[in-house]
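Welcome to a short set of exercises on reading a protein structure. Keep the sequence and the 3D view open, try each task yourself, and then follow the worked solution.

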Amino acid sequence: SVNSNLDCLIASGCDTRIAIGHDGLNRYGCASAPRDAVPFGSCTCSSPSRRGINRAKEVLRRLQGSATPELEAMSVCQEHRERLKELLTLPSNVEIAFSPSGTDAELLSLALVMMKSRRPVVNVVVGPTEVGSGTPLAAGGRHYDTACPRGDRVTPGEPVCRELANGVTVRSVEIRDEHGVMLEESLIDAAIVQIVSETVEAGAHALVHVVAHSKTGVHAPSLDCIERISRHLPKDVSVVIDAAQGRISRRGLRSVLTAGHQVIFTGSKFYGGPAFSGALLVPQSIYTSLARHESGLRQDTWFQGLGKYFSSLDLPVSWSTIRGWLPVWINYGSLLRWSAALAEIEAYYSVSARCRLAVLRAFEKEVPMLFGGSPSIQLLPVFPPLTDDAQTRLLESKTTVFAFRVLVDGKTLSHSELKDIHGQLNHGFPSSGEDRVRSADARTAFHLGQPVRFRDGSA
């Protein structure tokens with residue numbers, strides 16, 4: 001109901017990942033309201049700021065005061081699209097579909113490619129353990145959680161739409177070895193080329209993911225590899241850039257969109273918006289090609305299941321046929337989260353480019369210095385940054401995520417032990433003996449990203 005309170009609404013319209021527990025936090029340790037914790041966990045998600053919440057309140061008042069909430073919600077969605085295009089300086093012919101999360105955007109991206117290709121699809125997911133736990137299932141057209149954004153109860157692994165799921169095979173490409181060591185870019189590129197070759201030989205269509213920054217800071221495969229594949233096999237390969245971390249250059253973003261690639265984006269990680277504000281950026285050329293096939297698709301077999309994730313209001317107005325296949329329902333949570341996220345993106349770009357660069361450089365320099373001398377912290381090597389403008393990579397040249405192991409008496413802590421430490425830091429602890437007699441409210445809390453498990457069991 002639109003008359004629910006803001007804290008409740010902003011944590012609605014997604015899945016169980018966003019659900020607030022008895023401690024006032026979701027499973028990643030973030031709240032649906034501002035909280036006093038030092039926020040270093042944006043690679044996973046963030047609690048909303050007061051700035052973001054104030055913007056969301058303004059939108060909620062608009063919706064509550066409207067006699068036609070669906071029309072008002074449509075107007076808000078369109079305003080959000082126009083503002084996001086302006087802030088990211090996107091090409092004018094790029095369309096934006098909003099989604100409750102980046103994982104849901106995966107479903108829509110798959111559906112668009114399958115509509116376009118009319119062939120079986122091999123969906124190539126890069127770095128499956130570092131892009132989101134539900135991504136491999138969503139990439140196969142399957143439910144990845146027990147709840148859908150519309151509120152339906154579902155079974156993870158079951159098809160969102162049977163015809164959609166039956167037409168896709170998921171192949172994974174790792175970006176680290178079993179011990180967590182980063183693989184050479186050339187090895188990842190070679191694995192992609194091999195899978196694409198096998199796919200085309202089998203008469204199927206390849207949908208290749210580019211991870212434009214994983215949770216631990218890896219970018220793969222190289223855009224040079226993607227450019228070669230796309231140039232040689234334009235009718236057999238589609239590309240989606242997973243830029244859900246938001247750690248991008250706007251120039252690089254424009255470049256891949258101009259090349260005809262879809263982009264999964266969120267306003268809730270690097271930019272610090274509330275958890276789960278997803279979008280799919282789609283070049284007009286993709287939808288133009290779809291228009292020739294729309295009449296041959298049946299609403300009941302393709303979009304009945306997707307209607308549990310997307311409302312017609314989430315899609316661009318120009319996508320009239322697909323919008324007509326989807327139900328009309330207002331995802332208040334997604335609307336409010338994007339309202340807050342846009343406030344954060346605006347604030348970021350209102351700071352001068354020179355000042356932003358100085359902050360990024362300071363962070364990149366200071367973190368290794370602070371951690372470097374600790375016997376308990378072992379920083380993982382960072383993905384090599386680019387400083388040459390002639391090279392092409394969507395990832396910005398500055399390092400904004402540092403992954404590390406924790407050691408006690410020379411022994412590396414396990415995933416479960418890291419989870420315990422993560423929780424203790426996030427719930428706060430007294431910083432001195434004098435503080436121990438104070439209330440919990442006086443404690444200092446630190447929110448970090450999340451423990452990431454490697455194949456050998458380390459983390």
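**Exercise 1. Find the surroundings of N331, and decide whether N331 is buried or exposed.**

Solution.
- Step 1: Set aside the neighbours within four places in sequence; N331 is then in contact with S12, G13, P100 and P149. Keep in mind that this is a predicted model.
- Step 2: Locate N331 along the chain, in the loop between α12 (320-325) and α13.
- Step 3: Apply the cut-off for buried, which is under 20% relative accessible area. N331 has 4% relative accessibility, so N331 counts as buried.
- Step 4: Try a distance as well. N331 and E82 are 249 residues apart along the chain, and their C-alpha atoms are separated by 19 Å.

**Exercise 2. Describe helix α13: what is its span, and how many of its residues are buried?**

Solution.
- Step 1: Helix α13 covers residues 332-350, which makes 19 residues.
- Step 2: From the first C-alpha to the last, α13 reaches 27 Å, close to the 27 Å expected at 1.5 Å a residue.
- Step 3: Of the 19 residues of α13, 18 are buried, so the helix is largely enclosed by the rest of the structure.
- Step 4: Pick one residue to look at: E344 is found in α13. With a relative accessible area of 7%, E344 is buried.
- Step 5: Leaving aside neighbours within four places in sequence, E344 is in contact with S49, R51, G52, Y271, G272 and G273.

**Exercise 3. Work out which strands pair with β9, and in which sense.**

Solution.
- Step 1: Strand β2 (residues 94-99) pairs with β9 in the antiparallel sense, over six bridges. Within this strand pair, A97 has L280 of β9 as its bridge partner.
- Step 2: Strand β8 (residues 262-266) also pairs with β9 in the antiparallel sense, over four bridges. For I264, the bridge partner in β9 is L280.
- Step 3: Now look at the side chains. G278, L280 and V282 point one way from β9, A279, L281 and P283 point the other way, and all are buried.
- Step 4: Six of the six residues of β9 (residues 278-283) are buried, so this strand is largely enclosed by the rest of the structure.

**Exercise 4. Put the strands of the open sheet that contains β11 in order, and name the edge strands.**

Solution.
- Step 1: The order of this three-stranded open sheet is β10-β11-β12, with antiparallel pairing.
- Step 2: β10 (377-379) and β12 (411-412) are the edge strands, since each pairs on one side only.
- Step 3: Check one pairing: β10 and β11 (residues 404-408) run antiparallel and are joined by three bridges. Here the bridge partner of L379 is F404 in β11.

**Exercise 5. How do helices α2 and α3 pack, and which residues meet?**

Solution.
- Step 1: Helix α2 (residues 50-64) and helix α3 (residues 69-87) pack at an angle of about 150 degrees, with their axes 9 Å apart.
- Step 2: Angles over 145 degrees count as roughly antiparallel. That makes α2 roughly antiparallel to α3.
- Step 3: On the α2 side, V59, R62 and L63 take part, and they meet P69, E72, A73, S75, V76 and E79 in α3.
- Step 4: Sorted by class, this contact has five nonpolar, one polar and three charged residues.

**Exercise 6. Which residues does R455 touch, not counting residues up to four places away in sequence?**

Solution.
- Step 1: Look for R455 in the segment after β13 (446-448).
- Step 2: With that exclusion, R455 touches E174, R176, D177 and E178.
- Step 3: For a distance, take G305: R455 and G305 are 150 residues apart in sequence and 33 Å apart in space, C-alpha to C-alpha.

Key: Residues are numbered from 1 along each chain as its sequence is written. This is a predicted model: local features need pLDDT of at least 70, side-chain atom pairs count only at pLDDT 80 or more; totals for chains, interfaces and linings use all residues. Side-chain values use heavy atoms; hydrogens and water are left out. Helices (H or I, at least four residues) and strands (E, at least two) are DSSP runs, numbered from the N terminus. The expected span of a helix is 1.5 Å times one less than its number of residues. Buried means under 20% relative accessible area, exposed over 50%, partly exposed in between (1.4 Å probe, protein chains only). Two strands pair if DSSP finds at least two bridges between them. Axes are lines fitted to C-alpha atoms, for helices over the stretch in contact, and angles run from 0 to 180 degrees between N-to-C directions. Angles under 35 degrees count as roughly parallel, over 145 as roughly antiparallel, 65 to 115 as roughly perpendicular and the rest as oblique. Contact means heavy atoms within 4.5 Å. Ala, Val, Leu, Ile, Met, Phe, Trp, Tyr, Cys and Pro count as nonpolar, Asp, Glu, Lys and Arg as charged, and the others, Gly among them, as polar.
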